[in-house]
Amino acid sequence: MKTIIEWYGMLPEPLKSQAFTNAMGQQKNDIFTCKASSMYQAIDYGMLWSRCPEGEEFWEDIASRWDEDTDTLRIPLMFSSSMRTMLLSMRHECKVAKILLCDDLTHTTFANYITMRGELCSYLPNGREHIVNDMGKWTRNGRQDMKVGKMARNLMTELSIIQNDIGPTDFEKFTNLVKSYISVIGDEDGDGKKIKFEVVNGTNLRDAYYEDNYSNILGTDTNLWNSCMRYESCQDYLDIYVYNPNVVSLLVAYDSNNKVLGRALLWLLEDGEKAMDTIYAHDSLTNSFIQWANDNDYFYKSRQSCHHSEFDKHLTKDIFYNAIVVLKKYSFDSYPYMDTLSILEGNKLRNHEDGNQYKILKSTDGSFEEQENSVYDVFNNCDIHEDDAYYVSYDRPNGENIEGYIHRDNAIRTSTEWVLFVDCVQIDRVYYLQDDENITYIESRNEWHLIEDCVQDNNCDMIYIDEAVELNNGGWVHQDDAVELYNGDFAHEDEASQCSFDGEYYLNNDMTEFDGGMVHNGNIDAYHESVYFLTNKNTTENETKIA
């Protein structure tokens, strides 16, 4: 058997120092002479867990995770959030990444607190104290770097390597995947990116559309990989782009292997302005494309959707809605599916109709639709195809009446009718007009909610029920002159606290802080009496045990 202090000496820092400080401060037992048969018993004998600043559950967890066979603390591997995201993204195609995410297949006897610094793993060797800065980030004190394949080998148990038949080629594959991922996303600090942006046009544009040239570093669940124009059979549809290099080109993002990570059409408009079309890329790259647009004075789209037809964002300029591109060549046997400038009137591409005879370039098989029937859009004040129109008639929340056709891109259906999307809010996947009597706006959350999910607080404001606490329900409190409180009102959880003495909720303004807890002013005398009683009781118990 070991003394309590000997058991504590086996704990890693900072647990060792925390345990010693708690035991010496409480003097529950003499840790230098009192012996224990296990770490659990040593932690139990040495301190009262409930009186430790770390809390009772903290030390119960430490005691239960001590491995008596190896006399070590079973600590799960801790990865930075960015590295865990990286491992999750490649777990389906890489056995090593999958194993590193399993606590029962890894160990921390070598190192822990792992992250990426460029293409190297940054880690804290076993036994070194883990330190965070004032911002909660891991400091670099005592950290070391290692090649990612070697690091993975050191973190995996021998049994996991044998059972999963992990060999040198698996570690090499893992290393290459990590390097490719870092070249696109960057490390913990966003460093190490090697994305290359290039503007192509003419025949070179076809290659960036063809799926065989796509990168799968970030997976295939993206709008790039779901593009209807990615197939070899669609190459001829792209002629309208290829043969108009003076007004259309393509911004392409390449990975370190020169594979396509993303693309976006670039347009030179009739008025000399420039616009970037839908961004086809993983969501993590969207901001990089937008940054390129800002740096190069391009308008771009607020929503990267084939159903959104406005270049409605710019870093400094006012927004316009009538985009026109003048083509030198415009008569082709087939056309691509065009997201934004899908209206071909003679030699002009538009994002809005301006007549009754035009072609709609919204087909995935290279065909187009001749348009001769239109209706008037009372919201956008223009002609639209009748197939894209919904008829509306209602009083808008702003008091105006709207009656007539609107474009489907501007429409949404409530439970009873079609209305303008801008007049609605979505709650639990259902759309409501903003003046619907069944909903209310919660100022504290900056959100809309159903009336049935809200209550009125003591200030007569509506609050979300999950953020409400019921104040002391008309009961009486212990004080010289008893007073009835609140009469069952609700209050927002940020404006009320639970009394440490009686467990009821009271407004913060009616409470006083004692010993890290809040006590209602009417309970202060009783609280002091209780503390005095418990203090004397614990002192008597400890004196009896020491004796």
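These questions and answers go through a predicted model.

Me: Which residues of helix α4 are buried, and how do they lie around the helix?
Reply: Helix α4 spans residues 56–64, and its buried residues are Trp59, Ile62 and Ala63. Seen down the axis of α4, these buried residues fall within an arc of 95 degrees, so they line one face of the helix.

Me: What covers the buried residues of α4?
Reply: Both helices and strands take part in the cover. The helices include α2 (15–26) and α3 (39–46). The strands include β3 (66–67) and β4 (72–73).

Me: Which strands are at the edges of the open sheet of five strands?
Reply: The order in this sheet is β13-β15-β14-β16-β17, with antiparallel pairing. An edge strand pairs on one side only, and this holds for β13 (324–326) and β17 (369–371). On average, neighbouring strands of the sheet are turned by 30 degrees against each other, direction ignored. The edge strands are therefore β13 and β17.

Me: Which residue in β15 is the bridge partner of Leu344?
Reply: Strand β14 (residues 343–345) and strand β15 (residues 348–350) run antiparallel and are joined by three bridges. Strands of a sheet pair through backbone hydrogen bonds. In β15, the bridge partner of Leu344 is Leu349.

Me: Which helix gives the most to the largest nonpolar core?
Reply: This core has 50 residues, and those touching the most other members are Met86, Leu87, Val96, Leu100, Ile114, Phe174 and Met276. With seven residues, the helix that gives the most to this core is α9 (residues 168–185).

Me: Which residues is Leu87 in contact with, leaving aside its neighbours within four places in sequence?
Reply: Leu87 belongs to the largest nonpolar core. In soluble globular proteins, nonpolar side chains tend to be buried together. Leaving aside those sequence neighbours, the contacts of Leu87 are Phe79, Ala97, Leu100, Leu101 and Phe174.

Me: How many residues are in the other core, which lies apart from the largest one?
Reply: Among the members of this other core are Leu269, Phe320, Ala323 and Leu327. Its number of residues is 38.

Me: Why is Cys121 not bonded to Cys94?
Reply: A disulfide is a covalent bond between the sulfur atoms of two cysteines. A search of the whole structure finds zero disulfides. Cys121 counts as buried, at 1% relative accessibility. The closest cysteine sulfur to that of Cys121 is in Cys94, and it is too far for a bond because the distance is 12 Å.

Me: How far from Cys382 is the nearest cysteine sulfur?
Reply: Cys382 is buried, with a relative accessible area of 13%. Cys382 is in no disulfide. The nearest cysteine sulfur is that of Cys306, and its distance is 19 Å.

How values were computed:
Residues numbered from 1 in each chain as written. Predicted model: local features only at pLDDT ≥ 70, side-chain atom pairs only at ≥ 80, totals over all residues. Heavy atoms only, no water. Buried < 20%, exposed > 50% of the residue type's maximum accessible area, 1.4 Å probe, protein only. Helix = DSSP H or I, 4+ residues; strand = E, 2+ residues; numbered from the N terminus. Arc of directions from axis to C-beta. Contact = heavy atoms within 4.5 Å. Pairing = 2+ DSSP bridges. Axes fitted to C-alpha atoms, helices over the stretch in contact; angles between N-to-C directions. Core = buried A, V, L, I, M, F, W, Y, C linked by side-chain atoms within 4.5 Å. Disulfide = S-S within 2.5 Å.
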